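Okay, thanks everyone, let me put this one up on the screen. I'll talk through a sheet and what packs on it, and then how the two chains go together.

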There are 2 protein chains.
Amino acid sequence: MNSLIPSHLEQEIQSRVARIASELVSAGIDAMLVADNVGLYYVSGRVYAGYAMVMADGTARYFVRRPCDIDGVDYIRKPEQIAELLGSVPAVIGMQWDSLCVSDYNRLSKAFEGSRIVDCSAIMRRVRAVKSPYEIDLLRSCGLKHKEAYSHIPEIYREGMTDVELQIEIERQLRLHGCLGIFRVHGESMELFMGNILCGDNADNPTPYDFAMGGAGQDPSIPVGANGTVIADGNAVMVDACGNFNGYMTDMTRTFRVGELPELAMKAHRLSIDINRRLAQEGKTGVEAKRLYEIALEMVQQSGMDDYYMGHRQKAGFVGHGLGIEINEAPVLAPRSRDILAEGNVIAVEPKFVIPGVGAVGIENTYVVHDDGMECITLAPEEIISLN
Amino acid sequence: MNSLIPSHLEQEIQSRVARIASELVSAGIDAMLVADNVGLYYVSGRVYAGYAMVMADGTARYFVRRPCDIDGVDYIRKPEQIAELLGSVPAVIGMQWDSLCVSDYNRLSKAFEGSRIVDCSAIMRRVRAVKSPYEIDLLRSCGLKHKEAYSHIPEIYREGMTDVELQIEIERQLRLHGCLGIFRVHGESMELFMGNILCGDNADNPTPYDFAMGGAGQDPSIPVGANGTVIADGNAVMVDACGNFNGYMTDMTRTFRVGELPELAMKAHRLSIDINRRLAQEGKTGVEAKRLYEIALEMVQQSGMDDYYMGHRQKAGFVGHGLGIEINEAPVLAPRSRDILAEGNVIAVEPKFVIPGVGAVGIENTYVVHDDGMECITLAPEEIISLN
């Protein structure tokens, strides 16, 4: 066993490698080259500079580019040395085409001349979507800290605050509770700093990013979220902030209010809680992910709340998503999703509503999928909480 | 002119597009397809969902994938529509291979069947390295806010604090001064949350990332920076935190102390200031970037401080770097750099030292390159500042 891997993680990493290897065998791929930080973290338990090669026989080799006090690994200066160190190059090598940039791909393809390079993004996505008991423990621990940090939100609110000022104090609370701050997103489609706090009609401002909610943001360089709106009487304030406390993250949204909200907003919020309850019952091993999307939509339509659901002027096309190391993992709860829920999936469910003149309402919870339903691991109170 | 672009930016954007176009002509490329958020922000003044096509004739077209209240742009659902909208596809299309992932590249290559696709990463990097007066104004504004936020550091220090606790309060101060928080890095080699605060011997812990300094970090999922060290008497505390206040960012490091530091640390810090002064004189249009690296190294060697320079157990191989929208732009001040300094380059110079038993000392400033020297835009006091 490689000393790159912390000893308490040896079995865990062996099991992850074995699961990848099994997928490689099915796909006729001899080895997967892991080249991105998230992938390296997954197959070794730590981020390091270099590469990992997961072999179809269930073993893995670790190539470290930058010295980091680790014995028993292969040190390299450049990726071209990997082929030498392996002796013979695998006939078919998988790489993650959805994260590898073209320049790196070209260089690596040359370094493994003679190998056929194929895409194994889907394999990695599928394997990572099913969390191990160890990973689920990390996620449960995130949920507890996330809840504890959110419990301080009412006490940090001050009359006349802007959404940005409230967000800054929420960020601080999260960080004081151990949040690492960094918010990992797969791909280029989304960027966010630590979270999205939406107040009043800013919730109805569209964003270019593929998030459930929008917001104009503070600057055209990062057009999402809080925009300096002064939190006023009758406003809903939706808090959806980073739950990364240990490399894994929970996703949890709670709604707050200043003064009283109109019945339409209260009704929408109750519906969001009801949808969460219902999906927690319906979501179980073997259920199609898109079925959960459909059930949520049916409930919204039966309540006549379509106009406000998942945005008002601009609507998001999903109601939930897998998460773990990154905020956007498989499975996806969307109409065209082909994902089938499995024991160990971890998904965030976020039926949200934008009520003009009020703001965004609703909740988001993170769940672990089991054979008999979904276990909620973000247990903060779900009702709308008064800030004043 | 396209209404995607704010009216006060029309001329600025026209000029950026013209500079890209001129490079395209030289390289025999008919058009550049911009597909990443940073690139879109550069060629339009805002991040949006979609693509831009910069033509060799100096015009640009903007294709928007997600409705965002903009008139007069071409709305698309998928990139395949761009070719249709263009009528005829350009014979040679440049794409940024250093940011585009292989899956997207494959899809776009198909969408422009018949075109030859070439790499234009270097063109974009070269054009963005020379900042316009407008961009330099944004950067100067960052420098002022960055300085103001740092001025509060002594008052937020409390005896017995850990480096992480101090960092959290610094993050809050930066955010209260308008910092957007997000820290954009080009490529996959570096990740950081808002900044690096290093205290005592944690400064000597190696990191896998290509930063000037290291630090073990709080978690193996993001192994860099503060690690929970209690700030003790005789410690140096180096603060290098995010200066992104408007989409552009300054980079500024200052060193603080608790109690007295040994003469070796004080000497190293003075040397860092001296190197900054000297490079500010030597850095001017036409000078090789690597020459600045060499001058800094000569000064360090003459002082006999090599052992501590740019890290102690692990050393960084550069003394400065370009920056703007991202923290790692051209030019690079490193021994093998081929960059030649030009009016409008913006570079951070960071000669730093790690003193065992004390911590990291030195300063980092951001400079604008002019024909007659470099203008410092990060003007916080440079001496080591006492926290107690």
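So, chain B has an open sheet of 5 strands, and the order is β13-β12-β14-β17-β18, with antiparallel pairing. Keep in mind that this is a predicted model. On the edges you've got β13(B), residues 329-333, and β18(B), residues 373-376, and each of those pairs on one side only. Going from one strand to the next, the twist averages 30 degrees.

Let's zoom in on one edge. Strand β17(B), residues 365-370, runs antiparallel to β18(B), and 4 bridges join the two. If you want a landmark there, look for Val368(B), which sits opposite Glu375(B) of β18(B).

Now, which strands does helix α5 of chain B touch? That helix, residues 121-129, packs on the sheet against β13(B) and β14(B), the latter being 346-349, and its direction is at about 80 degrees to that of β13(B). Helix α10(B), residues 289-302, packs on the sheet as well, touching β13, β14 and β18 of chain B. For α10(B), the angle with the direction of β13(B) is about 40 degrees.

Okay, zooming out to the pair of chains. You can superpose chain A on chain B with a rotation of 180 degrees and 0.0 Å of shift along the axis, at an RMSD of 0.0 Å. That's the relation of a two-fold axis. And which residue of chain A comes closest to the rotation axis? That's Cys101(A), with its C-alpha at 2.0 Å.

Last bit, the interface: 100% of chain A's interface residues are also interface residues in chain B, so the copies meet through the same surface.

Methods:
Residues are numbered from 1 along each chain as its sequence is written. Chains are lettered from A and ligands numbered from 1 in the order in which they are written. This is a predicted model: local features need pLDDT of at least 70, side-chain atom pairs count only at pLDDT 80 or more; totals for chains, interfaces and linings use all residues. Side-chain values use heavy atoms; hydrogens and water are left out. Copies are superposed by least squares on the C-alpha atoms of residues with pLDDT of at least 70 in both. Contact means heavy atoms within 4.5 Å. Two strands pair if DSSP finds at least two bridges between them. Axes are lines fitted to C-alpha atoms, for helices over the stretch in contact, and angles run from 0 to 180 degrees between N-to-C directions.
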